[in-house]
Every structure is written in C-alpha cells, then in structure tokens.
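Visitor: I am new to this structure, and I would like to understand how its descriptive words are earned. Could you take me through the reasoning step by step?

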Amino acid sequence: MPDPPDALEALRRENDFLREQLERLRAGEDPTEGQGLLQLFVKHSPIYAFIKHVTPEVSRVLVASENYADMIGVPGSQMAGKTMHDLFPAEFADKISLDDWEVASGGGILHLDEDLNGRHYTTIKFPITVGEKRLLAGYTIDITDRRRAEEERRDLQASLAQSDRLASMGMLAAGVAHEINNPLAYLLVNAESLVEDLPTLLPELTGAGAQDFSNRLQEIISGAHRIQRIARDLNTFSRQDGLELVPVRLQDSIEHALNMVSNELKYRARVIRDFQPVPRVMATEGKLAQVFLNLLINSAQAINVGKGTGKEHEIRVRVWTENDQVCAEVSDTGSGIPEDVQPRIFEPFFTTKGIGFGTGLGLSICRNIVSGFSGEIGFSSCAGQCTRFWIRLPAMHGEPLSVPTPPRLHSVEPHVRGRVLVIDDEPGIRSAITRILVRRHEITAVGSAEEAMALIMGGHGFDIIICDLMMSKMTGVEFHAWLVDQDPDLARRVIFITGGVFTQGTAEYLSLVGNLRIEKPFNTEEFRKIVDEHVLSARDGSES
Ligand SMILES: Nc1ncnc2c1ncn2[C@@H]1O[C@H](COP(=O)(O)OP(=O)(O)OP(=O)(O)O)[C@@H](O)[C@H]1O
Ligand SMILES: [Mg+2]
C-alpha cells in the first residue's frame with residue numbers, strides 16, 4: 001500500500017489528467033490523437049476494441065485493445081500504424097479492409113460474425129468522422145464458448161427429441177402388435193383347423209361346394225397371414241433392443257421395413273430388390289429396420305404420387321459386400337436433393353417438408369443408429385433426378401458370405417401322447433391351443449397362474465407347460481419363478497407364448513432361464529411339432 005503522501009500525489013496526478021482530457025474534449029480536439037481518455041478506454045477494454053483510419057486502399061490501426069495479444073499474438077500497443085495485411089491472413093485482411101471502407105465511407109453500422117483460427121467472433125463496426133478523416137471504430141467479442149454451449153444445448157435437445165420419437169413409435173407399435181396378435185392367434189388356428197376338420201364336420205359337403213368352402217377358408221387364412229406379417233414387422237420396431245448387439249441379417253431388417261411401407265411405395269414406384277448373399281452384421285434388428293424405414297419413407301416422399309402412378313419411378317434396394325463391409329443402399333428416382341440443401345440434411349430438425357410432414361429427425365436418427373453399429377452412412381444426389389443413400393457396416397468376423405435361413409423344424413417320430421398344461425387368460429387362445437393339440441395330447445387348460453399352481457400342488461403331473469407371459473394377475477415370469485423352486489425339472493419344460501410385448505426385466509429373465517418362447521400368432525403345424533418335440537424330450541429325460 002502506498003504511503004499517504006504518495007497516494008495523495010497519485011490522486012492529484014489522476015485529477016490533473018482527467019481535467020486535461022475534459023478540456024481537450026470541450027475544445028473539440030480529436031481525442032484519438034495523443035494520449036486521450038478514449039485511448040486508455042480502448043487500451044484496457046476487456047472486449048476487443050479498435051479505432052482505425054480507413055482509405056479505399058488500406059485500413060490502418062490507430063488504437064487497439066491490449067488483449068489482441070490473445071487473438072492474434074500482437075498486443076494493441078504494437079498494432080498502431082499496422083495495416084490489416086500486416087496483422088491478418090491475406091484473404092481475411094482483404095475482407096476486413098473492404099468492410100471497413102464500406103462502413104467508413106457511410107455504410108452505417110455493420111454487424112458481422114466471423115471465424116478466425118477455429119474461434120468465432122462477432123463484431124460491430126461504426127463510422128466516426130473527424131474533419132476530413134474517415135475513421136472507424138468497433139468492438140469484437142469472442143463468442144466461441146457461447147456458440148459451443150448453444151450447440152451442446154441443441155444437440156441435447158435433438159437427442160431428447162430423437163429418443164422421444166423412437167420411444168413413442170416403439171410404444172405405439174408394441175401396443176398395436178399386442179392387440180392384434182392375440183385375436184389373430186385364435187383366428188388363424190380356428191381357420192386352419194376348420195380346413196382340416198371340414199370332411200368330418202360336413203361330410204355331406206362334396207364336389208364344387210366343398211371346394212368353394214375350402215377356397216374361402218384359404219382366403220381367410222392368407223389374409224390373416226398378411227396381418228400376422230404386418231404385426232411381426234411392427235413388433236420389430238417395438239422391440240426394446242438392449243445395448244447388446246447380435247448377429248443380424250441385413251436383408252431381414254430391410255424386408256421388415258419394406259413391409260411396413262409397402263402401401264406408401266406401391267402407388268409411387270416399382271420397388272426393386274437386388275440382394276446379394278452377405279455375411280451378417282452386429283446390430284439390433286429393430287434399429288436397423290428403423291434406418292431402412294426412414295430411408296424408404298424419404299424416398300417415397302420424394303416421389304410425387306399420381307404422376308405415372310408408380311410406373312415410371314423406381315426405388316431400388318441393394319445389398320452387397322465390399323472388402324470386409326456389408327453395404328446396402330436405397331436409391332430413388334425422386335426429386336433429388338438440391339445442392340444448397342445437401343450439407344444440412346443430417347442436421348437434427350432440418351427439413352424441407354412442411355409442418356406436419358417432416359420433423360427433420362429421420363436422417364439424424366439413421367446416422368446415430370448406424371454409427372452406433374460402427375458403420376457409416378452417406379448419400380449422393382442429382383437435384384431433380386435421383387437420390388442414393390448408402391450404409392456400410394463391418395461384416396461379422398468369420399461369417400461365410402451367405403448365411404442360410406435356419407432350417408424349418410422337422411416332425412418328430414415316433415409320436416408320444418403327453419400331458420400338457422396350457423395357461424392363458426384369453427379364453428380364445430386356450431380353446432385354440434386345445435383344438436390344435438387335443439388329438440395328439442391330453443390337454444388341461446386354465447385361465448390363470450394361480451389355478452395352474454393349485455393343480456401342480458394337488459399332485460397333477462404334466463410333461464410340459466405352455467404359459468402366456470402377460471396375464472392380468474400373476475405373470476408368466478412370476479409363475480415360472482415359483483415353479484423353479486417347486487419343480488426345477490418341470491420349470492425347464494415351460495414354453496412361453498407371447499403377444500410380443502414384454503418389459504426389459506422380462507426379456508432379461510427369459511434370456512437367463514433360456515426357455516423357449518413362441519410368438520403369437522403361431523403357425524399350427526409348427527406349433528404342433530414344437531409341442532411334440534418337447535413332450536418327447538420330457539419323456540426321454542424322465543426315462544434316463
Ligand atoms: N430420398 C430423398 N430425396 C429427396 N430429398 C431427401 C431424401 N431424403 C432426404 N431428403 C431431404 O433431407 C431432408 C431431411 O430428411 P430427414 O429424413 O432427416 O427429415 P424429414 O424427412 O424432413 O422429416 P422426418 O424424417 O423427421 O419425418 C428432407 O426434408 C429432404 O429435404
Ligand atoms: Mg424423413
């Protein structure tokens with residue numbers, strides 16, 4: 001701390017200095033010349049500040065704040081007299097000089113955002129006229145941190161919106177699939193068993209009459225199979241795909257997506273599949289299907305419906321391998337993407353579609369999903385002609401080029417009549433299962449896990465149990481956990497049936513216990529075979 005006399009002296013000097021500056025200002029002198037107050041103001045300014053003398057040829061610094069040392073490594077005190085070309089890269093200096101002259105020669109206030117050496121700046125320039133001289137003053141603020149924070153907030157907002165969209169789509173799909181699958185299961189089983197039982201039920205019906213009856217039933221069955229495929233495809237999107245990646249056939253995901261949008265596509269374009277045999281990739285089927293769904297919808301939306309009614313346009317889906325990568329592309333002969341739009345299409349919320357038609361999230365979701373599988377996504381497009389989106393994913397190690405589809409189940413000989421307990425709270429499902437199994441096995445069907453527990457506790461023996469997972473009171477999982485304690489052998493012989501919806505907890509339980517799970521609606525023949533197999537192996541197990 002200075003001694004009192006020194007402090008007094010300092011105050012007096014300060015006072016003299018201020019008075020002198022004020023007098024110079026009052027006298028109308030140019031305060032930018034000499035050691036003016038203004039000069040000190042600029043020198044110490046915490047934001048970048050400058051005053052320049054500007055001619056059409058050159059823009060030269062008169063005063064600048066010291067902190068320019070942070071921006072360009074030269075403090076304000078060493079900038080006086082320097083031109084823009086002395087201080088900045090040539091191209092940038094050209095631009096500054098041009099802007100400076102525009103402002104100083106009467107262009108008014110200029111507000112601009114600029115990037116230099118990876119940082120963002122916002123600058124305000126304004127003219128000062130002192131006699132004949134054209135001067136210019138301004139401020140520059142470093143907004144890099146603010147920009148980054150804004151970008152982070154935007155990214156966060158986008159990722160929240162993305163997961164929201166995925167979650168609500170998944171929930172909707174799951175709900176619809178579940179509601180459809182239960183009634184569909186007994187519709188199919190009854191129609192199929194009617195075909196089988198027709199000669200016994202209506203022996204008097206022969207010839208053309210019988211044929212007509214059977215044809216109508218077949219139509220019901222094929223319609224129901226179509227609903228089944230749609231429900232399965234919907235289910236792919238609802239699946240609570242965990243973080244764990246599993247081997248997935250790319251073609252299957254594409255087929256699920258194609259089925260979902262077939263109606264959208266068929267009035268717009270011919271859909272061409274060009275699938276070469278490829279190894280599987282590590283992914284989750286639902287998310288991969290989501291990628292193709294988004295790409296296919298974009299293609300459909302790029303083609304005007306009505307014109308050519310689907311004849312002249314083409315949407316082509318290709319799958320092939322290149323080096324160690326599995327590649328797929330969706331291309332269309334739609335509107336194409338204008339060049340000025342191309343750099344932005346992967347940005348979250350960027351859309352060229354009107355309100356209610358696009359949220360601009362489709363492609364950003366695709367990119368997130370694909371990069372989550374260590375893959376890449378890209379595109380090429382000719383405005384007005386065509387667009388091609390491609391993805392590349394690493395092929396699974398040691399996979400043969402072509403992966404055959406799993407073999408269908410073979411029937412098990414010889415047939416053994418078993419005791420089968422069916423637990424389902426839907427009466428329609430109970431009677432459908434009973435109907436398809438009753439000739440081969442002894443069936444006991446109950447509507448709740450509690451009734452099943454009473455039977456087991458009462459000493460009823462069963463070879464296998466077919467149990468619904470989602471029941472209104474006790475769930476299939478809770479019942480199974482109880483059975484594991486009571487009779488672990490029988491617990492291993494439980495086959496779960498499901499309408500497609502289950503929680504993460506249920507999924508974890510099922511993968512832990514490893515019991516077979518069959519999705520409703522089931523194919524009558526395959527269902528019988530599975531039950532036969534299980535009964536046979538239950539008997540083998542108890543004999544050995
Ligand atoms: N196949 C395509 N043909 C022409 N333009 C396309 C195509 N695919 C994407 N685009 C352009 O890219 C933009 C962004 O696509 P994106 O799928 O991310 O969002 P969106 O389709 O607009 O909305 P959302 O998918 O959320 O419903 C689209 O608005 C469109 O301009
Ligand atoms: Mg889209």
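**How the labels are reached**

Guide: Let us begin with Arg344, which has a relative accessibility of 38% and therefore counts as partly exposed, and please keep in mind that this is a predicted model.

Visitor: What makes Arg344 and Glu347 a salt bridge?

Guide: The closest N and O atoms of Glu347 and Arg344 are 2.9 Å apart, and a salt bridge calls for a side-chain nitrogen of Lys or Arg within 4 Å of a carboxyl oxygen of Asp or Glu, so the pair qualifies. Glu347 has a relative accessible area of 28%, and because this lies between 20% and 50%, Glu347 is called partly exposed.

Visitor: Why is Asp463 called buried?

Guide: Asp463 has a relative accessibility of 5%, and buried means under 20%, so the word applies. Asp463 forms a salt bridge with Arg419, with the closest N and O atoms 3.2 Å apart. Since Asp463 lies in the loop between helix 12 (449-457) and strand 15 (464-468), while Arg419 belongs to strand 13 (residues 419-423), the pair ties together parts that are 44 residues apart in sequence. Arg419 itself, with a relative accessible area of 31%, is partly exposed.

Visitor: How do you know that Asp99 and Lys95 are separated by about one helical turn?

Guide: Both residues are in helix 5 (residues 90-107), and they are four residues apart there, which means a separation of about one helical turn. Their side chains meet in a salt bridge, at 2.9 Å from N to O. Asp99 is buried, with a relative accessible area of 11%, whereas Lys95 is partly exposed at 39% relative accessibility.

Visitor: Why is Asn323 called exposed?

Guide: Its relative accessible area is 77%, and exposed means over 50%, so Asn323 meets that condition. Asn323 sits in the loop between strand 9 (314-322) and strand 10 (325-332), and has a positive phi of about 50 degrees although it is not a glycine.

Visitor: What makes Ser374 exposed?

Guide: The same cut-off of over 50% is applied, and Ser374, at 58% relative accessibility, therefore counts as exposed. Ser374 is found in the loop between helix 10 (362-372) and strand 11 (376-382), and its phi, a positive value in a residue other than glycine, is near 60 degrees.

Visitor: Why does Tyr139 count as partly exposed?

Guide: Tyr139, in strand 5 (residues 133-142), has a relative accessibility of 34%, which is between 20% and 50% and so earns that label. Tyr139 forms a nonpolar surface patch together with Ile47, Ile109, Ile124 and Ile141, with about 410 Å² of accessible area together.

Key. Residues numbered from 1 in each chain as written. Chains lettered and ligands numbered in written order. Predicted model: local features only at pLDDT ≥ 70, side-chain atom pairs only at ≥ 80, totals over all residues. Heavy atoms only, no water. Patch = residues over 30% accessible without salt bridge, like charges linked within 9 Å, V, L, I, M, F, W, Y side chains within 5 Å. Areas by Shrake-Rupley, 256 points an atom, 1.4 Å probe, with all protein chains shown as cover. Helix = DSSP H or I, 4+ residues; strand = E, 2+ residues; numbered from the N terminus. Buried < 20%, exposed > 50% of the residue type's maximum accessible area, 1.4 Å probe, protein only.
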